[in-house]
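I opened this notebook to keep track of what I looked up, beginning with one residue and its surroundings and then going outward to the fold.

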Amino acid sequence: MKKKLFTFVLLAAMTVQCAAFAGTFSRGAEEGNANKISYAMEQSGHTGAPDVTRDVKHYGATDKIFLGTWECTNDPHSTLTIQPVDPQTGGYHADFFFYRIAHAVAYANININGRQLDINQGTINERFDFRGKFEQTTQGIRFTITESSFMYLKPGQVYEYRRMKAKP
């Protein structure tokens, strides 16, 4: 009887310990992801400033600067399309085609300065995360990758774009 009771208590204790360990492990994994993202934001040079609330003067100017279809100045086969997503919040959808490298989609918000779009979340080939920022240049726009888990698109890479001309 003592042996059966001891075995039962031992198995119950092991079950509780395994359940506690599993809960700690999954919570640690989630915290690890959160830490990774916040660390990456610190490394990416993100301003940390809140996105601008919906304001016609900011979004009207930004729409004129960024909306449309663009071609990469280094590779005319690589394109970018930026469209508005939600008129209430001012979100933007960016669709990248990096010729022979990748297809990427992202969600961007206008930065506090009103003349820059920050990609808050993006995916490359539906598997890899990335972030970046768009800025206006004299010839068009510039996209700088600030964070990427895809080996062929690295943080610090810059892509220059000009408006795509309409085909006759």
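**Around I82**

I began with I82, which, leaving aside its neighbours within four places in sequence, is in contact (heavy atoms within 4.5 Å) with F66, L67, G68, W70, Y92, H93, A94, L117, F134 and I141. I noted that this is a predicted model, where local features need pLDDT of at least 70, side-chain atom pairs count only at pLDDT 80 or more, and totals for chains, interfaces and linings use all residues. Residues are numbered from 1 along each chain as its sequence is written, and side-chain values use heavy atoms, with hydrogens and water left out.

**The core**

I then looked up the largest nonpolar core (a set of buried Ala, Val, Leu, Ile, Met, Phe, Trp, Tyr and Cys residues joined through side-chain atoms within 4.5 Å, buried being under 20% relative accessible area with a 1.4 Å probe, protein chains only). This core has 27 residues, and I82 and F134 are among those with the most contacts inside it. Its largest share, five residues, comes from strand 4 (residues 102–110); strands are DSSP E runs of at least two residues, numbered from the N terminus.

**The barrel**

I found eight strands closing into a barrel in the order 1-2-3-4-5-6-7-8, with antiparallel pairing (two strands pair if DSSP finds at least two bridges between them). Strand 5 (residues 116–124) is joined to strand 6 by seven bridges, and I119 stands opposite G132 in strand 6.

**T137**

Lastly I placed T137 in the loop between strand 6 (128–136) and strand 7 (141–148), and I recorded T137 as buried, at a relative accessible area of 14%.

Note on methods. Helices (H or I, at least four residues) and strands (E, at least two) are DSSP runs, numbered from the N terminus. Buried means under 20% relative accessible area, exposed over 50%, partly exposed in between (1.4 Å probe, protein chains only).
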